[in-house]
Structures are given as C-alpha cells and as structure tokens.
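Please open the structure in your viewer and keep the selection tool at hand. The stops below are meant to be followed in order, one selection after another.

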Amino acid sequence: MLSINVDGLVVPETFLDSWRNIVHLTTDFLQLSSAAIYVCRNNDQAEELCRYVSQDRCAQMTSESVIPFVHIVMKSHQSLWFPDSGGQKSDEGNDNEGTTHLVSEPVSTVSMAGAFPLFWPTRQLFGVLVVVDDQHKTLTENESLLLNNYHHTIESHLASIYQQAEIHHLNQHVEQYQNLDFKNLTDFLCKEIDRRKVVEQQLRYHKHYDSGTGFLNRFSLDMKLRNLLSVNQQEFGVIYIGFKNAYLLQSQFGYQAWDEVLKQYRKQIALIDSQFRITTGRPNSTDLVLIVESDQLISDLETICHALAEQSQTEIQVQKHSFPLRSFAGVSTASEGQTSVALVEDAFSAMLSCKESGDHWTYSSELLAKSPLRIHQLENFLYNAVKNENMLLYFQPKVCPDTYQWQGAEALLRWQHPVLGDISNETLIHLAEKNGLIFEIGSFVLHAAIRKASQWRHDAPVFKIAVNISAKQLCDIRLVEQVKKYLKEFHLPARFLEIEVTESALITDEVMAREVLERLHALGITLSLDDFGTGYASFSYLKKYPFDCIKIDKSFIHSIEHNDKDREIVRSIIQIAGKLDLQVIAEGIETPAQEQFAISEGCSFCQGFLYGRPMPSHEFEKKLIKQKQVLSGCHSPN
C-alpha cells in the first residue's frame, strides 16, 4: 500500500450525502436525540462534518453536548459506550475488549452516549461517529447490528477514497518523471507498473473475495453458480450453513471477531476438502455456502453433510472466551432451468427448516422430491391431499404461566406423505408457494382451525386459536373475506382468532400487507408478529402495522439461562411491549428456569415443550378437557 497523506484527502459530496442520510436514519430508527460525524484535525480538534437532531426528542442537543465524548475517542482510539447518565460505568460491564465505559465530566443534556472511531485503511483516525440521547437506553441486538452496519459503511467509503488516491498518486508520479532520460524513465516506469499492478490486484481481489475471510463474496458466489449452471452435464450442489447464535456473537464481539469464527469453523471441516471439489462463499455477514462439484453428487453430499453434523455443536474461541457454536445445513442441487438465486434460496429454506426441527441438515423440498419421487409426482400427491383434505392439523397449547391454564393453541400443518413420511410445516409451505397451492392449503388450515376453536370454546371459554399466514396469503385481499366467511360459518367471534405473520411475509408487499392486516384488525382479530427479534426491522413494524401481540423468538428464550445478553434483550423487548400495550408470548419454553424468567418479567403467555409438544386434535382435546378440571395454579404442567 502506498504512503498517502490522508490529511489532504477530500470526501466526495456523494459520500457526504450518504453520511448525512446515515446520521438521519440512525437518529430516526434508533429513536435517539442526535447522531453526528466529526472529523479529526492535526491540532487535536474535532470539526463537525454532519449532524442530525431529532425534533421529537431533544431539540437543545448541541454540538457542545457531544464534544467531550469525541475527544475521549480521539485520544484513546477506542469505542466509548455507556447507557446511563453522568459518565458512570455501565451496569452491563465491559465484555468487549478495547471498549471504554467512562467519561470524566458528566454532560447535563446527555444520558446515553456512544462514540465510535472511524479509521482510514492505514488505521489512522479519520473521525468519530457519535450517538446520544437524553434518556437511558440499552440497544437491542438488531439496533446494535444496524449501528455496526452504518459504521462499517462509512469506513468502506474511506477505504474507497484511499484506493482512488493511490491510483491518482501513481499517475502523478508518471507525469512528474516523464522528462527523465530514457534509461531512468524505463526503470521508473517498470517500478510504477509493478506498483500499479499491486494496487489493481488488490482492487480485483476485493471485488471478488470477502475481505474478512477470503471466501467468495456474494457477487462472485453468484457468478460461480451461473457459470456452473451454463455447463451441460455439470453436477453440483449447494450446502447453505447457518449458525444459531451468529447475530449475538457478531453484535457482542464485532464483525472482525465473527470473521475469525467463520475461518475457524472452515478450518475444522477442512478434512473434507481433500476428497471433494468444494468452493466456499459468504452470501451475507453471518452464513457460509459450500458449492460441491461431483460425479456422484447425492452420495458425496450426504458424506459431506454427515461430516458437517459432527461439527454442528462445537466450541469456538472468541477473544479468549469459549462459546458453543451450533450450525445447521440445508442442501439443494441444480435442476434444468433453475437460476442461481433459486438454488441458494432452496438451500437457505432447507437450513431454516433444520433450525425449526432441530435436525443437523436436510435437503430442500426440490431435492427431497427427487428421491424417490419426481417433482411433479410429489406435487400431484400434494394436490390430491389438499383436494381430499388428507392433511392434518397439530395443535400446541398456549398457556398462562401463572395458572398453567390453556388459553389457546397454535395450529400447525402436517402432511403424512405416503412415501416420504411426515413433511414439516415449513417444507410444505415452501413447496405450496412454489406450485401455486398455498391459498388452497391456507384455506384448509383456516377452515379446520376455526372449526376446532368453535368446538373447544365449550371446554375453554376464552380459548383463542392462532394460525400462521404465509407471504402470498397476506398479499391476497381475498384473505379477509375468506376469514369472515369461516368465522360466520362456525359462529366464532373474531376476538378468538389470532393471525400470526413473520417479518419476511411483511416485506414481500408492504402496501398490500398493511391493507390486509388493517382490515383483519378492524374485524376484531388479534394480530401477532412472529419470530420477533430475529429480523432487521422488527421494531419499525410495530409502528407500521396494527399488531396486538409479539412472539419472542425461541432462539432468545433458549439462551437466557447462560447468556446475559440474550436475557437483557428479552427483558428489553418485554418492557417495550408493555409501553406499547402489546401482549408478549414467550415461545420455546422448555425448562422451569425459562418459565420462571418469563413469569418474573411479565410475559402474557408461554408456549413450548414444557407445556406440550404439537399434537393431533384428538389428543389435544383430551388434555384440554382434563386440564379444565385442574384448579388454577395447583398443578404443574404434564
């Protein structure tokens, strides 16, 4: 890398516009008083580059309020964070190495502050990104992730400015020495050509490879798959690897630490490289993709996946701490006419299915269909199952944790395939969305669930049935009339029906989703946001849509006994929900300790294996009648 004087570099107006937008979005989405970017000068002074002050929070938040925090970061070159006023040490401790928690002088208008150094690629300090608020605030996992992304974006812009300066510097050298004698000029040009080649190689490398791990980046991963798909008779498959606690570790220790985790994990499975042709890619910040080329594809994929399963629960060292790293793998193979995007999405969906079922790895529905049946055969079975109503609904109870009384249930679809056996809810929905049967299947689920809820009201007067709605259903205005029809048919008041949607369903068509949800809510139906806390914009959806309830994702619940960060995230979610008058369902309760935490924090309902696994309707009905006879609070769950 050439020696460039960064003090003379100018930030282009396009980047400045982007940074102004970043501080605006940071203030808005994180609901803070102010966010700003300061540039450091040679005389140890900080000059405000851009700032945004929320008109709703603290209009008097001035530049003088944040300068003390900027100066601390300028001197220490370390991040500063504290969520409480007066410059006191954070109660959360100091888990991140190199993070400062103290300020020397309290600032009256500031209660929460964070300041993060911005570096050039040479690790010279450019400036400071600072966020402040006039109230105590603890960021959630997703809010921390959003802030990290903005910080990373600014430093990426600085790297781009620096690289352009390097190329410009080389051109200036050529111009300066163009009048040298031929021999000296030749020597000089050879050196400059070599230097330019180095810079160009660096630029090409960063275009195709992830800088943190050296794996193929998303662009090159897609190009690799496109090239393989264009080659006739080229057999290959995709293994999509996801990690259960990726976002938490990334948020707690930072992006560079997570880069090291991914490299550690890849080294642990390196023994399979000698036997197979494998290319590793990084489709996003948390996951990995393996492209496997083979003449015996299905056999080799299974061998690789069994090897991955052995590493699915392993210990990883992160900044001198040891953490369990649990991985899941989804597998898909190329088929005629398939796109590179669809191939990765199929493997990704299969990986998500593993997270739901607890399996170490599984095939996508497309690959599952090929062995032993062809795709059109499986779709034909599915069509007949819908037509003849051969599908089943399983029910998992929702419980009042204080009394153990069943207050309702979630309806879950199951299909017992004549050859492949039980097909899970997620795989079934994925296949139905692809072949156009999702509305028919969704109609079956709504009809059967509302009918059962109407019957069970005699044994549980406040019984509420919850039904999951897919993205395509939510984008179909006919859903509202369909729900009204079934409620009327079975004389079930709308307040006893709960519709659950995920964030992924909302982002498909936000305008239509909002209209459908508002009409359902106007009927008196309860609306719940499922898997809360796992998406990038969960809190923003609480403002956009008329939700009555949130379901905390079970990945947080499973970790609260041994992870302080997860415990605080769940606690914060419950507190925010209370302020917004939202009910909270803790999903995935499996131990008494998890239940006790949910009770102590004030969760409205609990759901999980501690109270009952998903079960057929006849079994659920027997237990519902039995628990009706149990006095409230006198017995523990079966």
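Begin by selecting Tyr265, which in this predicted model has a relative accessibility of 1% and therefore counts as buried, the cut-off for that word being under 20%. Keep Tyr265 displayed and add Phe243, which is likewise buried, with a relative accessible area of 3%.

A search of the whole structure finds 13 aromatic pairs, and the two residues now on screen make up one of them: Phe243 and Tyr265 meet edge-to-face, with 5.0 Å from centre to centre and 90° between the planes. If you colour by secondary structure, you will find Phe243 in strand β7 (residues 236-243) and Tyr265 in helix α7 (residues 255-268), so the pair ties together parts that are 22 residues apart in sequence.

Next, select Phe395 and Phe620, whose rings form a tilted pair, 5.8 Å centre to centre and with 45° between the planes. Because Phe395 belongs to strand β13 (residues 392-399) and Phe620 to helix α22 (residues 617-628), this contact ties together parts that are 225 residues apart in sequence. Phe395 is buried at a relative accessible area of 1%, and Phe620, at 0% relative accessibility, counts as buried too. Extend the selection to Trp406, Trp456 and Phe463, and you will have the cluster that ring pairs build from these residues together with Phe395 and Phe620.

Which residues lie over the face of a ring? Select Arg478 with Phe439, where the arginine lies over the ring face at 4.4 Å from the ring centre, and then Arg613 with Phe609, where the corresponding distance is 3.9 Å.

For the last stop, select strand β9 (residues 288-293), where 6 of the 6 residues are buried, so the strand is largely enclosed by the rest of the structure. In a regular strand the side chains alternate between the two faces of the sheet. Show the side chains here, and you will see Leu288, Leu290 and Val292 pointing one way from β9, while Val289, Ile291 and Glu293 point the other way.

Now add the neighbouring strands. Strand β7, already visited for Phe243, runs antiparallel to β9 and is joined to it by 6 bridges, with Phe236 standing opposite Glu293 of β9. Strand β8 (residues 277-281) also pairs with β9 in the antiparallel sense, over 5 bridges, and in that pairing Gly281 has Val289 of β9 as its bridge partner. To finish, trace the chain from β8 to β9, which a hairpin joins through 6 residues.

Notes: Residues numbered from 1 in each chain as written. Predicted model: local features only at pLDDT ≥ 70, side-chain atom pairs only at ≥ 80, totals over all residues. Heavy atoms only, no water. Phe/Tyr/Trp six-rings, centres within 6.5 Å; stacked < 30°, edge-to-face > 60°. Helix = DSSP H or I, 4+ residues; strand = E, 2+ residues; numbered from the N terminus. Buried < 20%, exposed > 50% of the residue type's maximum accessible area, 1.4 Å probe, protein only. Lys NZ or Arg CZ within 6 Å of the ring centre and 35° of its normal. Pairing = 2+ DSSP bridges.
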